[in-house]
Amino acid sequence: MKDTMKLLRIGRSIAEFVTGPKYDFIMSQIINANRNSAAKRWSIKDKSLALSLYHSSPKTYKLLRNVLDLPSPQTLRRVMRNVAIYPGFN
């Protein structure tokens, strides 16, 4: 309970300076920071951002995972399995 209150206070102070998707990403980093890897939860937006970073450069993604809490490549592959891709323009 005490940690939740701290997170809410941090979130309110950050909201003064950052809004929109940046705020959502920062809050997901704060929330997932104290969780073990099996308990981390990612929003669709977080997964989408991570997927675009991973497809741009897997090496850079691996480097960023050392600094930021990002979904594992296995999680990203699982997300891609659930996406229907058809030939032609999507």
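1. Partly exposed here means a relative accessible area between 20% and 50%, with buried under and exposed over that range. P58 comes in at 44%, so it counts as partly exposed. This proline sits in helix α4. As for what lies across from it, the C-alpha of P58 is 8.9 Å from that of P73, although 15 residues separate the two along the chain.

2. Before going further, a word on confidence, since this is a predicted model. The mean pLDDT of the protein chain is 87, and 97% of its residues reach 70 or more. Helix α4 is where confidence is highest, at 94. At the other end of the scale is helix α1 (residues 2–15), lowest in the chain with a mean of 79. I'd keep that in mind when reading the points on each region.

3. Staying with α4, which spans residues 58–67, we also find T60 there. Its relative accessibility is 40%, so T60 counts as partly exposed, just as P58 does at 44%. The T60 side chain makes a polar contact with the side chain of S57, at 2.9 Å.

4. Now the aromatics. How many aromatic pairs does the count come to? The answer is one. The partners are Y54 and Y61, arranged edge-to-face, with 5.4 Å from centre to centre and 85° between the planes. Take a look at how each ring's residue is placed relative to the surface. Y61 has a relative accessible area of 1%, and because that is under 20%, it is buried. Y54, on the other hand, has 21% relative accessibility and therefore counts as partly exposed.

5. Then there is F17, in the loop between α1 and α2 (21–33). Is this phenylalanine buried or exposed? It is exposed, because its relative accessible area of 70% is over the 50% cut-off. From F17 to Q29 is 12 residues in sequence and 16 Å in space, C-alpha to C-alpha.

6. Last, the largest pocket. Its volume is about 200 Å³. One part of the lining is S37, A38, K40, R41 and W42; the rest is made up of R65, L68, D69, L70, P71, S72 and T75. By character, the lining residues divide into five nonpolar, three polar and four charged. If you have the structure open, W42 and R65 are among the lining residues to pick out.

Notes
Residues are numbered from 1 along each chain as its sequence is written. This is a predicted model: local features need pLDDT of at least 70, side-chain atom pairs count only at pLDDT 80 or more; totals for chains, interfaces and linings use all residues. Side-chain values use heavy atoms; hydrogens and water are left out. On a 1 Å grid over the protein atoms alone, a cavity is a set of points where a 1.4 Å probe fits but cannot get out, and a pocket is an open set with protein on both sides within 12 Å along at least five of seven lines; lining residues have an atom within 4 Å of a point. Grid points are joined across faces, edges and corners, and a volume is the space filled by probe spheres set on the points. Ala, Val, Leu, Ile, Met, Phe, Trp, Tyr, Cys and Pro count as nonpolar, Asp, Glu, Lys and Arg as charged, and the others, Gly among them, as polar. Helices (H or I, at least four residues) and strands (E, at least two) are DSSP runs, numbered from the N terminus. Buried means under 20% relative accessible area, exposed over 50%, partly exposed in between (1.4 Å probe, protein chains only). A polar contact is a pair of N or O atoms within 3.5 Å; within protein, one must be able to donate a hydrogen and the other to accept it, and residues adjacent in sequence count only if both atoms are side-chain atoms. pLDDT is the predictor's confidence in each residue, from 0 to 100. Rings of Phe, Tyr and Trp (its six-membered ring) pair if their centres lie within 6.5 Å; planes under 30 degrees apart count as stacked, over 60 as edge-to-face and the rest as tilted.
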